[in-house]
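Here are a few exercises to work through with the model open beside you. Try each task before you read its solution.

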Amino acid sequence: MSTPSPDDQPLYRRPRILLVIALPILLWITGLTRIAWPHPVLACASYAMLVGYLLASFPQIRSSNRVLGGLLIVLCVLLHRGEMPFSVVARGLEFAVAFSAFLAVLQFVRATVEFLPGATASRSLFAGMDALGRRVAIVTSCHLLSVVLSIGAFAIIRPLLPPEDDPEERRRQAINALRGVCTGIYWSPFTVGIGFIFFSFPQLPAWQVFSTGMVVAIAIIGASALAQGGRRSPAALVATIGAFRPILAPLIAATGAVVITIALTGLSNLQATIVVM
């Protein structure tokens, strides 16, 4: 008689897996609650849940990540035993807790996009593009969405793309998605990079900062599109707009809601995306 695999056991008999599933949900709920009611008890509870999640998921991660995580823990302990105050570690934990809530939101956004009424039409239009046109569409759309939603752009674009069997093409698409999102920092008013510029150079007028960044970003995105699509780049850009048309209204509404929330509440881009999405 064969021994049943651990994966075949019901969830209630696999407490570690239950923790891996439940703790991110609790972190998301706690993150939302802390935005409205930032009590120190909730902060300590968030830190404890984050540590519990890391310990529960540790056996599942790759060996390289285990080594990296172990080195970071040892480094934090050594620095804390030296002159580094614990507040520095707490600040890192605070960002990790906020980001863990943001990751849950990304999954919700991706699932929502998949079931939007116009998602099937958009997916068909993306599937109708050739490989070069699709790469141009990916870098352009990821850049425009990332200006407000940061890496939330990945969660919107990925469900609209058709499955790709070629590993090399998937790698190229991933590079274009990263290129589009990473260049958003040049002119997005919702990134830490812009805040750093205004902090370091307060004498610079805002219009100069944003206009210069926009020109640089357009140059990078344009050069990438021309390098890959050549003369077909303008047609690929037009096709990209057409592919987004079926879901344009909910995307504009969600993006506008994030902008309005930031303006009215003073929340960070990360927090506003967690609340709205």
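**Exercise 1. Salt bridges between helices**

Work out how exposed glutamate 94 is, and which partner its side chain meets in a salt bridge.

Solution. Keep in mind that this is a predicted model.

- Start with accessibility: glutamate 94 has a relative accessible area of 28%. Buried would need under 20% and exposed over 50%, so glutamate 94 is partly exposed.
- Now look for the partner. The side chain of glutamate 94 meets that of arginine 34 in a salt bridge, with 2.9 Å from N to O.
- Place both ends: glutamate 94 sits in helix 4 and arginine 34 in helix 1 (residues 15-36), so the pair ties together parts 60 residues apart in sequence.
- Check the arginine too. Arginine 34 has a relative accessible area of 15%, which means buried.

**Exercise 2. Two neighbours, two bridges**

Find the salt-bridge partners of arginine 134 and arginine 135, and say where each pair sits.

Solution.

- Arginine 134 pairs with glutamate 164, at 4.0 Å from N to O. That joins helix 6 to the loop between helix 7 and helix 8, with the two positions 30 residues apart in sequence.
- For burial, arginine 134 has 8% relative accessibility and counts as buried, while glutamate 164, at 21%, counts as partly exposed.
- Arginine 135 bridges to glutamate 169, and their closest N and O atoms are 2.7 Å apart. Glutamate 169 is in helix 8 and arginine 135 in helix 6, so parts 34 residues apart in sequence get tied together.
- In this pair, glutamate 169 and arginine 135 are both buried.
- To round things off, the structure has five salt bridges, and Glu168, Arg171 and Arg172 are linked in a salt-bridge network.

**Exercise 3. The two sides of helix 12**

Decide how the buried residues of helix 12 are arranged around its axis.

Solution.

- Check the length. Helix 12 has 18 residues, so at 1.5 Å a residue it should span 26 Å; the end C-alpha atoms are 26 Å apart, which agrees.
- List the buried residues: Leu251, Ala254, Thr255, Val258, Thr261 and Ile262. They cover an arc of only 120 degrees around the axis, so they lie on the same side of helix 12.
- The spacing fits a general rule: an α-helix has 3.6 residues a turn, so residues three or four places apart point the same way.
- Turn the helix around: the face away from the buried side of helix 12 carries the exposed residues Ala249, Ile252, Ala263 and Leu264.
- Step past the end, and you reach glycine 266, with a positive phi near 80 degrees.

**Exercise 4. The largest nonpolar core**

Which residues have the most contacts inside the largest nonpolar core, and which elements give two or more residues to that core?

Solution.

- The core has 32 residues, and those with the most contacts inside it are Phe126, Ile156, Leu160 and Phe244.
- Elements giving two or more residues to this core include helix 4 (86-114), helix 5 (119-127), helix 6 (131-149), helix 7 (152-157) and helix 8, along with helix 11 (233-244), helix 12 (248-265) and helix 13 (269-276).
- Zoom in on isoleucine 156: leaving out residues up to four places away in sequence, isoleucine 156 touches Val109, Val113, Leu145, Leu149 and Leu251.
- Don't stop there: a second, separate core of seven residues includes Leu23, Leu27, Tyr47 and Met49.

Terms used
Residues are numbered from 1 along each chain as its sequence is written. This is a predicted model: local features need pLDDT of at least 70, side-chain atom pairs count only at pLDDT 80 or more; totals for chains, interfaces and linings use all residues. Side-chain values use heavy atoms; hydrogens and water are left out. A nonpolar core is a set of buried Ala, Val, Leu, Ile, Met, Phe, Trp, Tyr and Cys residues joined through side-chain atoms within 4.5 Å. Buried means under 20% relative accessible area, exposed over 50%, partly exposed in between (1.4 Å probe, protein chains only). Helices (H or I, at least four residues) and strands (E, at least two) are DSSP runs, numbered from the N terminus. Contact means heavy atoms within 4.5 Å. The expected span of a helix is 1.5 Å times one less than its number of residues. The arc is that of the directions from the helix axis to the C-beta atoms.
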